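Here's a quick tour of the fold you're looking at. Have the sequence and the 3D view open as you read.

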Amino acid sequence: LAWIPYCAQIAGVLTVVAMAGWAPYGLLVLAAAVDLILCVILMVWMRRRAARALGGAHRGWIWYFMALALLALGLGAVLLSVVWPAAHGAFRALHLHINTLGFLGMAAFGTLPVLLPTALGRGDPKAIHWLTRWRWAFVAAALCAGFSAAFAIQLHGSAIEFVSYTPPPLIIAALALFGAATLSLLLHWRAEFGWHNMRADPAAFSLVAAVAGFIVVLCAGLLHALGLLNPQTSIGGFAGLFIFPLVSGALTHLLPVWRHAGSANESRSRMRSALGFAVVPRVLSFQIGGVLLLGGFPGPAWAMLCFGLLLFLAAIAMAFSVAGRRSA
């Protein structure tokens, strides 16, 4: 099990090298097969550990299990594209949607209901109810989105040009399920913690912005289905609107904990305060960059994204400079 992360990273490097054309394309198939095996091993281990947990495992663990199951489906699509090359475009669309909305979406939203209260230093006993209520909705939404995109490309032969711009039922179902789950989480946070408290905490602010950005991505998906936006811009928009605020918000809370383990201390507080440097401008830069990417303006978009990343790197540098020595 300790070797799984390293093997997965090596497979990831092989994937990049193969997709860039620097090595035979067969390495991509090898990487997908290796990751699929690792994924199954980790799923089996998780299931066994959950069954043996004292008092029963926290029900949030199933989100990670389902995320890995969706990742396995996406990896299987890569292998099937080799067996059935005529449907390569369909399998590629399935892989992309299942990975981003399914694997990443399930992993992120399985963490957020617990991470945000932790960042605020408060408990949320109702988080488990949200995790239990919406887990199957997220799985169903990811599957609807993935197979809808795959069927569209399989039938119409192109990832960009569609015969009809009327959203099929699967897309409508995916957007409805994703939208209902995401909005319910935001409304729950508002009722439980209040916008003012979440705005005042830099980590919580970034995490709330990521969830709001996910809603914008969903709206962009509808516009794609209507033929009003180029689908090729969706990955960059997903990163700017959701992934960058999510990761920066998570690290704002977690880096001080990792750097100064143990009970709360002054060094951790100083480091966390420094990581809040320019949090509003950097989050806005990420989200404006994501919207510009969705709109087809890559130049200004990447300028905004890079500006946001520079602000976050500056915050990290400041945090480690003021943190001092590692606490005992």
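Helices (H or I, at least four residues) and strands (E, at least two) are DSSP runs, numbered from the N terminus. This is a predicted model, where local features need pLDDT of at least 70, side-chain atom pairs count only at pLDDT 80 or more, and totals for chains, interfaces and linings use all residues. Residues are numbered from 1 along each chain as its sequence is written, and side-chain values use heavy atoms, with hydrogens and water left out.

Let's start with T132, which sits in helix 5 (residues 127-156). T132 is partly exposed because its relative accessible area is 26%, between the cut-offs for buried (under 20%) and exposed (over 50%), with a 1.4 Å probe and protein chains only. From the C-alpha of T132 to that of R282 the separation is 33 Å, with the two positions 150 residues apart along the chain.

Zooming out, the protein chain has 12 helices and zero strands. Some whole-chain numbers:

| Property of the protein chain | Value |
|---|---|
| C-alpha box along the principal axes | roughly 60 × 45 × 45 Å |
| Radius of gyration | 21 Å |

That radius, taken over C-alpha atoms, is set against a globule rule of 2.2 Å times the number of residues to the power 0.38. For 328 residues a compact globule would come out near 20 Å, so the 21 Å of the protein chain agrees.

As for packing, 44% of the 328 residues count as buried. Of the contacts (heavy atoms within 4.5 Å) with a separation of 6 or more, 73% come from residues 24 or more positions apart.
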